[in-house]
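Here are my comments on the model you sent. They are set out as numbered points, to be read alongside the structure.

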Amino acid sequence: MSETKHNWTKEEILNIYNKPLMELLYEAATVHRKHHDPNTVQVSTLLSIKTGGCPEDCGYCPQAARYHTNIEGNDLMSVQQVKAQALRAKSSGSSRVCMGAAWRNVKDGEEFDQVLEMVRTINKLDMEVCCTLGMITENQAKRLAEAGLYAYNHNLDSSEEYYKEVISTRGFEDRLETIDNVRKTNVTVCSGGIIGMGEKIEDRAGMLVALATLNPQPESVPINALVAVEGTPLEDQEPVSIWEMIRMVATTRIVMPETQVRLSAGRTEMTREGQAMCFFAGANSIFAGDKLLTTPNPDVNEDMKMFELLGLNPQKPFIKKMQPKTVEASESQLHPLGEKPKWTRPEHTIERNEAAKQKAKAVK
Ligand code: SF4
């Protein structure tokens, strides 16, 4: 029987987060060693398969169409392009490919069929395949599972309270519903958040409560440090300090002992020493490649040098769970249902989002 605790409270998590640092690190490293190989770190590659033009208003995101940023938008990549990039990622040590599309939610049709084909293609390369495509229904989750998807990413971003200060085009409950839909399949859940968006430490703890009280807990939790991009509502946020990142990673490790904790966006601002502390505190995955969707990321060769220096080994695929089977499109028992789910659209006013939108209008 799993010993994992699922009834965490905000106070308990805050007590952990605020411990004297040496005590926090020792406790996190002890939990980490009990559940994971401390010298193994998974290398994942994030591919933006459809960039920009997103209808949502996430305050941190340069891909939102309503803000003026200098990213170049792209239509959905072809299956061959994705295959070529996945092969390149595999040859540089990645065991997982995460494909991201700047969509509010998945719509049944040609483009989704193309994504399903990408999932089949990467699965056949013996790599773990993850997708992050926005909100999905149960039937869409089942079709992804049938194609051989290993994980679905859907971040909670922050606490339920602070979520409303960052995004107005959908509700926190929509996030939970999508995670619930994924849980109706054998696809694993990847869900985490971003620190440095102006939230309080209580919000960081609140987000960890929301994740750690899920049963089962997400198999993967990315912890991102905000990369403030010019033109987005959060462009003026001060970067989070490495100490906050270390505390967040360590706390995540303690409250979700079996989870793969992913050191995600913001690594370009971290020294090797800082990243080493995060690995010691329980981070056991990084994203490789010079870009994380649209924001900068360390070069993969630099990462491999860091691994050598620290004596770390890239994790092989399918260590935690078996490789899912792939059902070909021609043999699929599942069909698009053409559903029109009613995802919420609160549309409350977030002043800084509104200001960034007006600024973009003036520029365009
Ligand atoms: S984070 Fe995702 S949903 Fe939000 S604006 Fe960016 S691409 Fe769209």
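In which strand does Cys 98 lie? Cys 98 lies in strand β2, which covers residues 96-101. The points below start from this residue, and they concern a predicted model.

1. Annotated binding site. Cys 98 is one of the residues that UniProt, in an unreviewed entry, annotates as "binding site"; Cys 130, Cys 190 and Arg 262 are covered by that annotation as well. These positions are spread over 165 residues of sequence, yet they cluster in space, with a largest C-alpha distance of 13.5 Å.

2. Annotated domain. The unreviewed UniProt entry also lists residues 39-267 as "domain: Radical SAM core". Over residues 39-267 the chain is 35% helix and 18% strand. The C-alpha atoms at the two ends of this range are 19 Å apart.

3. Ligand surroundings. Which residues are around the ligand? Three cysteines are among them, Cys 54, Cys 58 and Cys 61, together with Glu 56, Gln 63, Ala 64, Ala 102 and Gly 134. By class, this shell has 5 nonpolar, 2 polar and 1 charged residues.

4. Helices α1 and α9. The axes of α1 (residues 10-17) and α9 (residues 242-255) come within 9 Å and cross at roughly 130 degrees. Because of that angle, α1 is oblique to α9. The crossing is right-handed. On the α1 side, the contact is made by Ile 13, Ile 16 and Tyr 17; on the α9 side, by Arg 247, Thr 251, Ile 254 and Val 255. The contact of α1 with α9 divides into 5 nonpolar, 1 polar and 1 charged residues.

5. Helices α9 and α10. Helix α9 also packs against α10 (residues 272-280): their axes come within 8 Å and cross at roughly 15 degrees. The two helices are therefore roughly parallel to each other, and α9 passes α10 in a right-handed crossing. From α9, the residues in the contact are Ile 242, Met 245, Ile 246 and Val 249, and from α10 they are Gly 274, Met 277 and Cys 278. This contact of α9 with α10 has 6 nonpolar residues, 1 polar residue and no charged residues.

6. Helices α4 and α5. How do α4 and α5 run, roughly parallel or roughly antiparallel? The axes of α4 (residues 110-124) and α5 (residues 138-147) come within 8 Å and cross at roughly 30 degrees, so the helices are roughly parallel to each other. Their crossing is right-handed. Leu 116, Val 119 and Arg 120 of α4 meet Arg 143, Leu 144 and Ala 147 of α5. Sorted by class, the contact of α4 with α5 has 4 nonpolar, no polar and 2 charged residues.

7. Backbone at Asp 126. Asp 126 lies in the loop between α4 and β3 (128-132). Its phi is near 60 degrees, a positive value in a residue other than glycine. Most residues other than glycine have a negative phi. Please look at this position in the model.

8. Backbone at Pro 216. The peptide bond from Asn 215 to Pro 216 is cis, with omega near 5 degrees. Most peptide bonds are trans. Where is Pro 216 found? Pro 216 is in the loop between α8 (201-212) and β7 (220-225).

Conventions. Residues are numbered from 1 along each chain as its sequence is written. This is a predicted model: local features need pLDDT of at least 70, side-chain atom pairs count only at pLDDT 80 or more; totals for chains, interfaces and linings use all residues. A residue is near a molecule or strand if its C-beta atom, placed from the backbone, lies within 6 Å of it. Ala, Val, Leu, Ile, Met, Phe, Trp, Tyr, Cys and Pro count as nonpolar, Asp, Glu, Lys and Arg as charged, and the others, Gly among them, as polar. UniProt positions are given in the numbering used here, feature names are shortened, and annotations may be inferred rather than shown by experiment. Helices (H or I, at least four residues) and strands (E, at least two) are DSSP runs, numbered from the N terminus. Axes are lines fitted to C-alpha atoms, for helices over the stretch in contact, and angles run from 0 to 180 degrees between N-to-C directions. Angles under 35 degrees count as roughly parallel, over 145 as roughly antiparallel, 65 to 115 as roughly perpendicular and the rest as oblique. A crossing is left-handed if the near helix is turned anticlockwise from the far one by less than a right angle, and right-handed if clockwise. Two residues are in contact if their C-beta atoms, placed from the backbone, lie within 7 Å.
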